[in-house]
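Q: I'm new to reading structures, and I'd like a close look at one part of this one. Could you walk me through the strands of chain B and how they are arranged, and then show me what lies around them?

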Amino acid sequence: MDAILTYVVNVISLGGTYALLALGLAVVFSVLRLINFAHGELMTLAGYTLLAGIVLGVPFWAAVIAAVVVGGIAAVIMETTAFRPVRNANPATLLMTSFAVAMLLQVIFQNFISARGQAVPVPSMFTGSIPIGNAQISIIQAISIVASLASLIVLKLFFDRSRWGWAIRAAADDFETVRLMGYRASRLIAVAFLISGLLAGIAGVLWVMQRGSVDPLMGLKPVLAAFVVVVIGGLGSLPGAVIGGYILAGIEIALQTWLPESFIPYRDALTFVLVVVVLSLFPNGLFGKRIAEKV
Amino acid sequence: MISTRRRRTLVSIVGWSAVLVVIVLIGGILPSATQLLVTSSLVLLSGVMALQIFSGNSGILSFGHVGFVGIAAYTTGILVMPTAVKGTALPELPLGLGEMQLPIWQGMIAGILAATLVGVITGLVIARLGDAASIATLAVLIILHGTMVGAEPLTRGSQTFYGVPRFTSITVAGIVAILAVIIARLFRDSRIGMQLRASRDDELAASSSGVRVQYARLAAWVLSSAVAGAMGAAYAGLLGAFSPKDFYFTLTLTLLTMLIVGGSGSVAGGIVGTIIVTLIIEVLRRVGDSNELFGLTNAGLAIIILLTLYFRPRGLLGFREPEETLAYRSQPAISTATGESLPARNAAPGQIVLAADDIMKRFSGLVALKGVSLTVSAREVTGLIGPNGSGKSTFVNCVTGVTKPDEATILLADQDITDLPTWKRARLGLGRTFQTMRLFREMTVTDNVSVACICSGMSPTHADDHAVRLLEVLGVAQHGNRLPGELPYGDQRRVEIARALALNPRVMLLDEPAAGMNPAESRELLAQLQSVLASSGVGILLIDHDVALIRSACDHLTVLDYGAVLAQGEPQDVLSQPAVAAAYLGGSVSDASDHDSIGATGAQEGKIND
C-alpha cells in the first residue's frame, strides 16, 4: 500500500514536470511546427538564474520569480534571433536549427559559467519530509506537485478563457486560418514562445530544487523525455502533452521501482523501448490526428 | 548502348573513387599526425554517406545513426580483440566470446551485420511514423546508448573499452569510404532511391504515383544502418579505445554538420561537406587547445550549421550531383520516333473501368458524402462538378485511398480496391493530378515522370525512355532536364498529366487540369487529352469549374451538392436542369460560365501572367 502511495506521489511529481515541459514544446510546435531542442537550455538558464538570485541574497521567492521570467524572456529572444530566419523552412531544418542552438548554449554555459555542476542551496524550510500514513513525501516533491498542478490549471484557464489561448489552440489545428482571422503571425509566435519559456522556467526551478544543483547539460535529459512525451501524446495535441507526461513518468518510475537490479542500467533504454512500442501501435500518438490534406 | 542515367552514375562513381584514391595516396606520404586526420575524416565520410542515404533522400533527419556506429564498433571490437587482452579488459564475456578471436575482416562484417540487424528492428517502427519519425530516431539513439552503457560484461559500461587492435590504416579507411560513396550513389538512382526522393518532395503525390513510401523508408533505413555499421567497424580500429559517450551527441552533431554544410540532397554534398568541416574542426581544435576554451569545436559546428541553414539551407551543392548539373545545361535527347501509340490496357470503348458505389463519409457529425455512386468508362470522359464544399474533394480522396470512406465499394476494372492503400491503387492503374500542383520539386521533369514509370514496374533505364516519350506526347519533352518550378504553369500541368499517364492508368482523375490556363491553352490541353484518350484507352474523371470545358469534353456528367448526387447524365441534359443551375451556378448557365472563368481561375491566371 505504502509502495503504491509512494509510487503515485512520485509519478504525479515527475509527471507534472514532464507535462509542463511537454506542454511548452507542444505550444511552440502548434504555431511553428518546430520541435525545440533548445527547450532544455531554457530550463538550465532558469536554474542558473535561481542560483544567481540565491547567491546574491535575493529572497527565495523573488529568485524563483526571476528564474521563471528569465525563462520566458529568453524563449522570446531565442525565437527572434535564432528561429525567425528559418521560420518558413521545413520541419527538418527547424529541428536542426534548434539542435544547433542547444549545442551552442551548452558550450556558452560551460565556458562562461562553469563546466561543472553548481550546488543550489535551497532554503532549509524546503528540506525534510511530510509523513502520509507510513510513507514519507519530501516537501520539495509536494511543492513540485502543487506547483505543476497549479500551473496546468492556470494554463487551462488561459487556453479556455483568453483570446490568445483560443488562438493558440486553434493554431494547433490550422495556423493559416488563425492568421486569416486577423492574428499577426509574429505576435502569436512570440506569445507561444513566451508561454513555452515560462513553463520551462517553472520546470527548471522544480528540477533544480529536487536535485539541488545546476549544470550546463542539465536540460538534456528532461527535454529528451519531453520530446518523447509530445510524441506519445500526439504532436500538436495540447491535452496529449499533459497526459503523455504522466504516462511517461508512470513508466519510468515503475521501471525504477520494480525492475530487477540487474536490469537497472538498461532503465532509460527500456523506457524508450516501451515508448517505441506505443508508437508502433499508434503511429500518430495517442491523441494525435492525421491532418487530412486538402486536394 | 548505355543509358544517360547509368552513364552519369558511372561517371560519378569513377570520379569520386579516383578523388578518394588520390587522397589516400597523398595521405599515405604525409606525417603521421596529418595522416591520422585524413584517416579519421575518411571514416567519418562513410558515416556521412550513411546519413545521406537515409536523411538526404527521405528528408527525415536522423539522430539515430550514431547508435548503429556504436553497436558495430563494440561488436567488431569484442570479436577482434586478442584473447589475451580479453582476460583483463572483459573478464565477464558470456557465450565463450572470451576465447574467440576473429580475423579483422570477419569482425568488421560481424559489426556491420549487428548494426543491420538493429536497423531492421528499429526501421520497422521508424518507417511507419510521420512527423514523429525524427524524434523516434532520437529515441533510437538513446536506446542504443543506454544499451551500450548497460551491457557492462560486453562493453565495460560507461568506462573506457580498450584493447582493440588499431587496424584502420588509411587504406582500410579509404576502402570503406569508397564503398560507402559507391553504395550511396547507386542508391540515389535506384528504383527505391528514386521513390524515396519523390516521397521527400511530396508524400501524397508520391503515393498517388505508386510510391510505397513506408517500404522505401524502411529499405533506406536498413541500408544506411549497414553503412553506418561499416563506419563503426572502421572507427573501432581507428580509436582502439572508446566509450559510449563517443557515440552520442557530439559525433551526431559532427556527422550532421558535414552532411548539411555540403548539402544533404546529394552524395557530392556529403563528400564536400566532410572535407570542409574536417578542416574547420582541425583549426578550431588547435585554437581551442591553445586558448583552453571548452567545447569550442561543438560551438563552431553549431555556428556552421546555423549559418548554413540561414544563408544556404540546401547546403553548398544543393540537391543535385555535379554530373546532373552538367546534364541540366544541355538539352535532353528527344527521341525521333513519332506517332508511337501509348501502351494500352485492353479496355474496349465503353467498358466500365471505375465503379464507385455508394460512397458514404462522415466527419464527426458532418456527412460529407451521402452515398455517391458514379462510373467511368474506357475512352470516355466523365465530368464531376459541384459547388465548393459539395464533396468533390472528399470523393476524390475516397477513390484514391487518401481518406477511408465509412461505406463504399470501389471497383477498378473488375478489381475491388476499396481497402487498398493509395500506392497500390495507383499501381493498379489509378492515375491522378492535383488541384494545386504537386510535382516533385527537387527532381527533374523527366525524373518526375520516371518515378511513376518505375512504380508501374519498369526498370530505371526503360523508365527514362518511356518518360521522355510521354513528355513528348504532352509536348513538354524539351524541359526534361529542368526542375518543374522553372516551367510555365501550363507546362507544369502537362508534366503532372504525363506523370499520371506513366502509371499506364485505366482511369485518370484530373482535378481542375485547366485551372490557370487561358482559353487557347485550355483548348490545346483538351485536344491533347482527347488524343491520349483515343490512343491509350484510359477513362477520365474530370473535375472542373469551367462549364465550357466540361460541356465540350465530357461524355457524362455528375453534379454533386451537399454530398449527394444532384443530377447525372448527358452534359447537355444535366446542365439544363433548373436544380443544377440553382444549386451550382446560382443563375442561368451562360451567366455562370462567365462568372466562373473569373472566379475560379482568375486568381491563378493573374499569377502566371505577371
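A: Here is a walk through the sheets, followed by the helices, the core and the contact between the chains.

A quick word on the ground rules: residues are numbered from 1 along each chain as its sequence is written, while chains are lettered from A and ligands numbered from 1 in the order in which they are written. This is a predicted model, so local features need pLDDT of at least 70 and side-chain atom pairs count only at pLDDT 80 or more, while totals for chains, interfaces and linings use all residues.

Let's start with the open sheet of four strands in chain B, where the order is β2-β1-β4-β5 and the pairing is antiparallel. Helices (H or I, at least four residues) and strands (E, at least two) are DSSP runs, numbered from the N terminus, and two strands pair if DSSP finds at least two bridges between them. At the edges of this sheet stand β2 and β5 (415-416) of chain B, each with a single partner strand, so one side of each has no neighbour in the sheet.

Now zoom in on β1 (residues 352-363) of chain B, which runs antiparallel to β2 (residues 366-377) of chain B and is joined to it by nine bridges. You can follow the pairing residue by residue: A356(B) sits opposite L374(B), M360(B) has K370(B) as its bridge partner in β2(B), and R362(B) faces V367(B). Two residues lie between the strands of this hairpin, and S364(B) takes a positive phi near 25° there. β1(B) also pairs with β4 (residues 407-412) of chain B, in the antiparallel sense over five bridges. M360(B) turns up here too, with E407(B) as its bridge partner in β4(B).

Next comes an open sheet of six strands in chain B, with mixed pairing and the order β6-β7-β8-β3-β9-β10. β6 (430-432) and β10 (564-569) of chain B are the edge strands, and each has a single partner strand, so one side of each is left without a neighbour in the sheet. On average, neighbouring strands here are turned by 20° against each other, direction ignored. (Axes are lines fitted to C-alpha atoms, for helices over the stretch in contact, and angles run from 0 to 180 degrees between N-to-C directions.) At one end of that order, β9 (residues 556-561) of chain B and β10(B) are antiparallel and share five bridges, with L560(B) opposite V565(B). Helix α16 (residues 392-400) of chain B packs on this sheet, touching β3 (381-385), β6, β7 (507-511), β8 (539-543) and β9 of chain B, and its direction makes about 150° with that of β7(B). Here, residues are in contact if their C-beta atoms, placed from the backbone, lie within 7 Å.

Away from the sheets, helix α9 (residues 191-201) of chain B packs against helix α11 (residues 213-239) of chain B at an angle of about 115°, with the axes 9 Å apart. On the α9(B) side the contact uses I192(B), Q195(B), L196(B) and S199(B), and on the α11(B) side V213(B), A216(B), R217(B), A219(B) and A220(B). Six of these are nonpolar, two polar and one charged. (Ala, Val, Leu, Ile, Met, Phe, Trp, Tyr, Cys and Pro count as nonpolar, Asp, Glu, Lys and Arg as charged, and the others, Gly among them, as polar.)

The largest nonpolar core has 291 residues, and among those with the most contacts inside it are A180(B) and V227(B). α11(B) gives this core its largest share, 19 residues. Such a core is a set of buried Ala, Val, Leu, Ile, Met, Phe, Trp, Tyr and Cys residues joined through C-beta atoms within 7 Å. Buried means 20 or more other C-beta atoms within 10 Å of a residue's own, exposed means 12 or fewer, and partly exposed is in between, with C-beta atoms placed from the backbone. Leaving out residues up to four places away in sequence, V227(B) touches S46(B), M49(B), A50(B), I53(B), A180(B) and I183(B).

Finally, the contact between the chains takes 39 residues from chain A and 46 from chain B. On the chain A side, α4(A) gives the most, with 12 residues.

How values were computed
Two residues are in contact if their C-beta atoms, placed from the backbone, lie within 7 Å.
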